[in-house]
Amino acid sequence: MAGEKKNVDTIPVAWVNGLQSHDEELAIVRLMCKRGGGAHRVMLENPEEYSFGDDPLAAGATEFPGASVEWALPDPDVDPAERRLEISVLVEDLWKVAAAWTMTRTDGDWCDFRLVGYDVYGEQVIAVGRRLVLVNQTEDATDPELPKIPKTPPRVEQPSVRVEPSRPRIGPRSRREPNREAEWYERQRADAKIDAHLDRLAAANEAMLDHVSRALDMATSSIAAAPDLVRGAREIMRESINEQREMFDRYRDLQDGKSRMQEQVVREEHKTKRREQLLGLFHEVTKIGAALAGPVIQEGARIYLNPEARLITQYDRAQQAIGFILHSLQTPTLLKIFKGKRDQASAFLTVLNTAMITENEREALLELDPILPVLRSETFDEAVSTQLRYAATYIMGRIAFYQIPYYAEGA
């Protein structure tokens, strides 16, 4: 039919190709838009902030949610087909953001978008454009007697490389999302890595406890000692506990995309510290006589086997960590966190409960957006136990894995 405009609602393959070709150079990817003439400009949450100047983001403007993505460098061992699948999922998310912008921020049903990629120095390395049209328009579209064609959400264009992971069983209440096979594959691969990491942590903890057990066995064979040597052994044990807590605090702060590499460094440093402390303990224990078997065992068990010093419960999903925080927080602790404001404490628990019962892990993490400032605050860290701080750290790690953006208050 004359005058017909074809829907453009599939994800741009040119964007996928461009991003994959510059995979090693990118540091951040940003969507920019325009309608009609003029240059493309950044997408802002509040249109009034365009008055901030040529660079509103530098002046403190708030970017439209999802309009920019920090680029995660590829694993050197990743298969190119898997990497293309990951980039396709990312482009699909950006295309959805473009559709949301077109429906809510424009006067019509189309908008021109440009995908711009920058390197770590802020230099532009890629710029690919594409127009998004949400509705068919014909010459007869102005006729009031003709039914209006509804807007349709973007479709997913399947990548050329065929990847077939084993497909999970989907319950009747599961929500089906576009490209759910790719999302499930990525989630399974990430969960497997996290499980392997937690298994290694548990094995390291078991090895450490075995070393301490051997040290205590050596103490039982000693035949003489002095009170000052007992105090010296006790101080070494206390320093070991303090070092372990410091290592855990450093682990809690690893929340960005480089957390896995830094986590390995912390774990190795932790292992070295414990080995050095145990060697010091062995040196002191050899000087102790036979009469110290009872005092050393009792004091070591009281200090080192403190539940606060053990590794925390393992989690398979973010909902488990959310539920642990929900059921562990007591009223005095909540009132301390919220400075006696019971209504805020009640709202905090309500958000946690909603996220805990959400089936999809990514959607559960999105539910936590209103209370992320609380989980990240120093007041929360000081008020809660080590177990709760670890649960909050696990949640932040899952948020970083799904690349869910966080906009601090006032940004």
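How many residues does the largest nonpolar core have, and which of them have the most contacts inside it? In this predicted model, the largest nonpolar core has 40 residues, and Phe348 and Leu368 have the most contacts inside it. Two or more residues are given to this core by each of helix H3 (180-220), helix H7 (318-328), helix H8 (331-337), helix H9 (342-356), helix H11 (372-375), helix H12 (378-383) and helix H13 (386-401). H13 supplies the largest share, nine residues.

Leucine 368 can be followed in more detail. Leaving aside residues up to four places away in sequence, leucine 368 touches Ile322, Val351, Leu352, Ala355 and Ile395.

A second core, separate from the one above, has 36 residues. Val16, Tyr50, Ala67 and Leu115 are among them.

The cysteines are a further point to check. A search of the whole structure finds zero disulfides. Cysteine 33 is in no disulfide, and its nearest cysteine sulfur belongs to cysteine 111, 4.8 Å away. Because a disulfide requires two cysteine sulfur atoms within 2.5 Å, the 4.8 Å between the sulfurs of cysteine 33 and cysteine 111 does not qualify. Cysteine 111 is likewise in no disulfide, with the sulfur of cysteine 33 as the nearest cysteine sulfur.

Are these two cysteines buried or exposed? Cysteine 33 counts as buried because its relative accessibility is 5%, and cysteine 111 is buried with a relative accessible area of 1%. The cut-off for buried is under 20% relative accessible area.

| Cysteine | Nearest cysteine sulfur | Relative accessible area |
|---|---|---|
| Cysteine 33 | Cysteine 111, 4.8 Å | 5%, buried |
| Cysteine 111 | Cysteine 33, 4.8 Å | 1%, buried |

Notes
Residues numbered from 1 in each chain as written. Predicted model: local features only at pLDDT ≥ 70, side-chain atom pairs only at ≥ 80, totals over all residues. Heavy atoms only, no water. Core = buried A, V, L, I, M, F, W, Y, C linked by side-chain atoms within 4.5 Å. Buried < 20%, exposed > 50% of the residue type's maximum accessible area, 1.4 Å probe, protein only. Helix = DSSP H or I, 4+ residues; strand = E, 2+ residues; numbered from the N terminus. Contact = heavy atoms within 4.5 Å.
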